[in-house]
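Me: Please take a close look at a single part of this model and describe how that part sits in its surroundings. A plain account will do.

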Amino acid sequence: MDGLINKKIFLLDMDGTIYLENTLFEGVVEFLQFLKANNLKYLFLTNNSSKSVVAYIEKLNKMGIKATKDDFMTSSMATAAYLKNFHLKDNIYLVGTKSLKEELESVGLSIYDELNDEINCLVVGYDTELNYKKIEEATKLLIKGVPYIATNPDLVCPMSYGYLPDCGSFCQMFKNATGRTPKVIGKPETYMIDAALDKYGYKKEQALLVGDRIYTDIASGNKANISTAIVLTGESTREDVLNSDLRFDYVLNHIMELYEALKKIYK
Ligand SMILES: [Mg+2]
């Protein structure tokens, strides 16, 4: 695999890339240990803004991966970084979970869950604690015309029994009522990639994004102008890849093919 020698940070999607629901792919623990041992950084990228990082750490721990907060870049963390850059002094109304509120407050942002005249920004996340009061107050702010930011565009969140409406569906509901659409932070936008490279000080040419979804993972990598590898262990088939207009630097049957190629470089 050409060019792999320059890659120093690996941005890894989780579901469909390193595990499928609750089953970790074979060899992943060893692969991650190999990356660490060779001073290669990896980060797990996820659009999910309802679960706190703590919940992901627990999930990975159960699978045998020792993870800390520094191993993640979530849409919540990227939203916090974005708001810190552009809305630090604003009074922000949040339609989101308690864990998202804490994430945003941890970077010094002023977050509200009650309407007042000083509020001049609206953030919507995958709010699993949503109620009609929040819907009504957010709608009033949208009508007023305040800047509007959404953590992620996903319409649904997969559950064992089917799907639940995710942040993107909430935004559709607000669009129906007000005509407004948000600035979106999560994949397929590039803010998570930008925030990850910025936080750890890597250049774009040092990054490789690995994911299973063409229209989110690969799209964000293309848009951010970094290299991408699609793995065929999740949502996409080889046919999907052939039919896509996007740029794939590597097409892998399994993430273990990346491990094998890196082993040849870092002997
Ligand atoms: Mg995935």
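Reply: Two residues are in contact if their C-beta atoms, placed from the backbone, lie within 7 Å. The model is predicted, and the part chosen here is helix H7, residues 191-200.

Within H7, the buried residues are Tyr191, Met192, Ile193, Ala195, Ala196 and Leu197. A residue counts as buried if 20 or more other C-beta atoms lie within 10 Å of its own. In an α-helix there are 3.6 residues a turn, so residues three or four places apart point the same way. The buried residues of H7 pack against four strands and two helices by name: strands S1 (9-13), S4 (41-46), S5 (72-74) and S13 (207-211), together with helices H3 (75-86) and H8 (214-224).

The backbone on either side of the helix has features of its own. Ahead of H7, in the loop that follows strand S12 (183-184), lies proline 188. A cis peptide bond links lysine 187 to proline 188, with omega at about 15°. Just after H7, glycine 201 has a positive phi of about 70°.

Two of the packing partners of H7, S4 and H8, border loops with a positive phi. Asparagine 39 is in the loop between helix H1 (28-37) and S4. Its phi is positive, about 60°, although asparagine 39 is not a glycine. Asparagine 39 counts as exposed because it has 8 C-beta neighbours inside 10 Å. Asparagine 225 is in the loop from H8 to strand S14 (227-231), and its phi is about 65°, again positive in a residue that is not a glycine. With 12 C-beta neighbours inside 10 Å, asparagine 225 also counts as exposed.

As for the wider setting, domain 1 covers 4-47 + 187-265 and domain 2 covers 88-184. The C-alpha centres of the two domains are 29 Å apart.

S12, the strand before the loop with proline 188, belongs to an open sheet of 5 strands with parallel pairing, ordered S7-S6-S8-S9-S12. Strand S7 (110-112) and S12 are at the edges with a single partner strand each, so one side of each has no neighbour in the sheet. S12 pairs with strand S9 (148-150) in the parallel sense over 2 bridges, and lysine 183 in S12 stands opposite isoleucine 149. Helix H5 (132-144) packs on this sheet, touching strand S6 (91-95), strand S8 (121-124) and S9, and its direction makes about 135° with that of S6. Helix H6 (167-178) also packs on the sheet and touches S6, S8 and S9; the direction of H6 makes about 135° with that of S8.

Notes
Residues are numbered from 1 along each chain as its sequence is written. This is a predicted model: local features need pLDDT of at least 70, side-chain atom pairs count only at pLDDT 80 or more; totals for chains, interfaces and linings use all residues. Domain bounds come from an automatic or database domain assignment. Two strands pair if DSSP finds at least two bridges between them. Axes are lines fitted to C-alpha atoms, for helices over the stretch in contact, and angles run from 0 to 180 degrees between N-to-C directions.
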